[in-house]
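Visitor: I would like a close look at one part of this protein, the small sheet toward the end of the chain. Please describe how it is put together, and then place it against the rest of the model.

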Amino acid sequence: MMAIDNLGLYVHIPYCVRKCNYCDFCSLPNGGSNVPDEYVSALCTEIISYQKEKRRCLDTVYFGGGTPSLLSVSQMQKILGCIRETFDISSLAEITFEANPGTINGDKAYGFKALGFNRVSLGLQSIHENEMKKLGRIHNFEEFLSAFNLLRIAGFDNINVDLMYGIPYQTKESFESTLRTVVDLSPEHISSYGLILEEGTPLFLQKDTLQFPTQDDECDMYDLCREIIGQSGYEHYEISNYAKSGKRSRHNMLYWNLAEYIGVGAAAHSYLDVHRYYNTDIVTEYINSMLDGDFSRAESEVDLPFEYVMLKLRLSDGFLLSEYEALFGKSFLSGREEIVDRLGKEGLLEIENGALRLTERGFYLSNSILVEFL
Ligand code: SF4
């Protein structure tokens, strides 16, 4: 039903040196040792299981985590070898790995480049040591800088830097200096997300004893991203993402465009044939079932019209009303004229050249706007 020519592959590596204070992702602290070989074997078994299906061509491959840069070059080579045995990888494919400063050395930077990676996503969050400490990150700005320079020297010309606002004790001034320092480095892509306090994390448990930026401060920080990154040659193409020309994250664009992807590894999701499939997020359980040849996954149907709108409205392009009608056989506006008219008058959305999209102001309030469309 949707454009399914492009297929993405997501590979989850659920190990980190240490668990960050705000993290509720599927990731186990391993003190910085190598990723266990049995996890790599389980991943390879799962990847190869897709050989049973029609051979498809991958447009993007994304190693996320966790900390994929904890994999050794030979482990990465083994996993990529299985991917190449199972799928065709487009000669123009975007092949990304996420990395944490402090887990990248010369061998890995050159080694991963030689294996075919052409994009890196580097977690920085903040240049300020007190803010990094509150988050429980393992690195400081100097370590980030040496990882960034090392990756450049190794030939990576497509680097994303992750930033965060809403950190305890962060101020508008400190965030502004983080933004200015990062745009001066001129990475091809910048992601800037607001901190979410997830229940059960150490940061959540300390929330009453820490001083967080106010809601208004966070709103100003979001505006600072738009001003400073947006005025430095980056396109604000998704609520939290900015890219230089031609450098949008193609893998994430697959998600936002509801294209199909396969996720392998503990906690990975897949989206195929209008269904989502979920791997267990218990790492030992994942390893045991893969090595036993048990590839069963939980699955759920997708509410396509709702997901289409929810995901497309994250993008500055929005969606074409004619495409919605062609896909779902009904007009999006029908029955929603009043809401759309009001949100338009409030300056939160606009319809231009047949496309409905959120304005820059609407982006910040996207969650409450989407509720209106439910
Ligand atoms: S590096 Fe990322 S995945 Fe790992 S613990 Fe920190 S936030 Fe979680």
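Guide: What follows goes through the sheet strand by strand, and then turns to the domains, the cores, the ligand and two loops.

The model is a predicted one. Three strands make up the sheet, which is open, with antiparallel pairing and the order 15-17-16. Strand 15 and strand 16 are at the edges and have a single partner strand each, so one side of each has no neighbour in the sheet.

Strand 17 covers residues 355–358. Its residues A355 and R357 point one way, L356 and L358 point the other way, and all of them are buried. For R357, a charged side chain, the label rests on a relative accessible area under 20%.

On one side, strand 15 (residues 319–320) runs antiparallel to strand 17 and is joined to it by two bridges. Here F319 has L356 as its bridge partner.

On the other pairing, strand 16 (residues 349–352) and strand 17 are antiparallel and share four bridges. L349 stands opposite L358, and E350 stands opposite R357. These two strands form a hairpin with two residues between them, and in that hairpin N353 takes a positive phi near 50°.

Now the wider setting. The domain assignment of the protein chain lists domain 1 (7–256) and domain 2 (317–373). The centres of domain 1 and domain 2, taken over C-alpha atoms, are separated by 31 Å. Between them, nine residues of domain 1 are in contact with five residues of domain 2.

The largest nonpolar core contains 103 residues, and those with the most contacts inside it are Y39, F63, I83, F97, F117 and F373. Both domain 1 and domain 2 contribute residues to this core, so it lies between them. Y39 illustrates the packing: leaving out residues up to four places away in sequence, it touches H12, I13, P14, Y15, G265, A266, V283, Y286 and I287. A second core, separate from this one, has nine residues, including C20, C23, L135 and L195.

C20 and C23 also appear around the ligand, together with C16, R18, K19, Y22, F25, S27, G66, N100 and R137. Sorted by class, this shell holds five nonpolar, three polar and three charged residues.

Two loop residues complete the account. N158 sits in the loop between helix 5 (141–153) and strand 7 (159–165). Its relative accessibility is 10%, so N158 counts as buried, the limit being under 20%. Apart from neighbours within four places in sequence, N158 is in contact with N118, R119, V120, R152, E188 and K247.

K244 belongs to the loop between strand 10 (241–243) and helix 9 (250–256). With a relative accessible area of 22%, K244 is partly exposed. Not counting residues up to four places away in sequence, K244 touches S186, P187, E188, G233 and Y234. E188 is thus among the contacts listed for K244 and also among those listed for N158. The C-alpha atoms of K244 and D88 are separated by 28 Å, and the two residues are 156 residues apart along the chain.

Definitions and conventions: Residues are numbered from 1 along each chain as its sequence is written. This is a predicted model: local features need pLDDT of at least 70, side-chain atom pairs count only at pLDDT 80 or more; totals for chains, interfaces and linings use all residues. Side-chain values use heavy atoms; hydrogens and water are left out. Buried means under 20% relative accessible area, exposed over 50%, partly exposed in between (1.4 Å probe, protein chains only). Two strands pair if DSSP finds at least two bridges between them. A nonpolar core is a set of buried Ala, Val, Leu, Ile, Met, Phe, Trp, Tyr and Cys residues joined through side-chain atoms within 4.5 Å. Domain bounds come from an automatic or database domain assignment. Contact means heavy atoms within 4.5 Å. A residue is near a molecule or strand if one of its heavy atoms lies within 4 Å of it. Ala, Val, Leu, Ile, Met, Phe, Trp, Tyr, Cys and Pro count as nonpolar, Asp, Glu, Lys and Arg as charged, and the others, Gly among them, as polar.
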